[in-house]
Amino acid sequence: MAVVAPLVGWLIPGAGHLIQRRWIRGVVLMFCIVCMFMLGLAMQGKVYTPNSGDLLDMLGFIGDLGAGGLYIVTRMMDAGQGAIHRAVADYGTKFIVVSGLLNVIAAVDAHHIALGKKK
C-alpha cells in the first residue's frame, strides 16, 4: 500500500486517500484539486509542455505534471495551449500549477498514511 497509494493519488487526485478509506480527506482533496485545475483552464491558463527553454517554463511544467491524470488528459485534448492574452489567464496558469503542487503534497500525505507515520 505504501507504493500504490501515492501512485494512485498522483494519477487521480484524492484517490490515494480514498483507497485507504480516508473518505472525507480524499473527497475534499479531489474537489479542491480538480476545481483549481478546471478554474485555471476556464480562465484560459497555459498548460506547460516539456521543453529545454526558460527555467520558469521548466518549473511550470514540473508543477503542472504534478496534477497527474488531469495533466495527461488536458495534454491529450490539446487544451491550455493558447497564448496568454489577458491578465486573468496568468492567474489561471497559476491555478493550474498550484493544483499540481497540491496534488503532489496529497500523494506524499497518502504515502505517509500508508506507512503509518500519520493518522
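Buried here means under 20% relative accessible area, exposed means over 50%, and partly exposed is in between (1.4 Å probe, protein chains only). With that in hand, F61 counts as buried at 18% relative accessibility. This is a predicted model, so local features need pLDDT of at least 70 and side-chain atom pairs count only at pLDDT 80 or more, while totals for chains, interfaces and linings use all residues. Residues are numbered from 1 along each chain as its sequence is written, and side-chain values use heavy atoms, with hydrogens and water left out.

**Overall build**

- The protein chain has 6 helices and 0 strands, where helices (H or I, at least four residues) and strands (E, at least two) are DSSP runs numbered from the N terminus.
- From the N terminus on, the order of elements is simply α-α-α-α-α-α.
- The radius of gyration is 15 Å, which agrees with the value near 14 Å for a compact globule of 119 residues; the radius is taken over C-alpha atoms, and the globule rule is 2.2 Å times the number of residues to the power 0.38.
- Along its principal axes, the C-alpha trace spans about 45 × 30 × 20 Å.
- Of the contacts with a separation of 6 or more, 69% come from residues 24 or more positions apart; a contact means heavy atoms within 4.5 Å.

**Surface and charge**

- Buried residues make up 36% of the 119 residues.
- The protein chain exposes about 6900 Å², and carbon and sulfur atoms supply 72% of that; areas come from the Shrake-Rupley method with a 1.4 Å probe, and for residues only the protein chains shown count as cover.
- The mean positions of the 10 positive and 6 negative charges are 16 Å apart. Lys and Arg count as positive, Asp and Glu as negative, with His and the chain ends not counted; each charge is placed at NZ of Lys, CZ of Arg, CG of Asp or CD of Glu.

**The aromatic pair and helix α5**

- A search of the whole structure turns up 1 aromatic pair. The ring centres of F61 and Y71 sit 5.9 Å apart with planes at 70°, so this one is edge-to-face. Rings of Phe, Tyr and Trp (its six-membered ring) pair if their centres lie within 6.5 Å; planes under 30 degrees apart are stacked, over 60 edge-to-face, and the rest tilted.
- The pair links distant parts of the chain, with F61 in helix α4 (residues 55–65) and Y71 in helix α5 (residues 69–76), 10 residues apart.
- Y71 is buried too, at a relative accessible area of 6%.
- The buried residues of α5 are G69, L70, Y71 and T74, and what covers them includes α1 (4–11), α3 and α4.

**Q20 and F95**

- Q20 is in the loop between α2 (15–18) and α3 (23–42) and counts as buried at 16% relative accessibility.
- Leaving out residues up to four places away in sequence, Q20 touches M1, A5, A110, I113 and A114.
- F95 is in helix α6 (residues 87–115) and is partly exposed, with a relative accessible area of 31%.
- With the same sequence neighbours left out, F95 touches M36, L39, G40 and M43.

**Positive phi in the loops**

- Most residues other than glycine have a negative phi.
- Q44, in the loop between α3 and α4, has a positive phi of about 65° although it is not a glycine.
- D78, just after α5, has a positive phi of about 60° and is not a glycine either.
- D78 lies in the loop between α5 and α6 and is exposed, with a relative accessible area of 53%.
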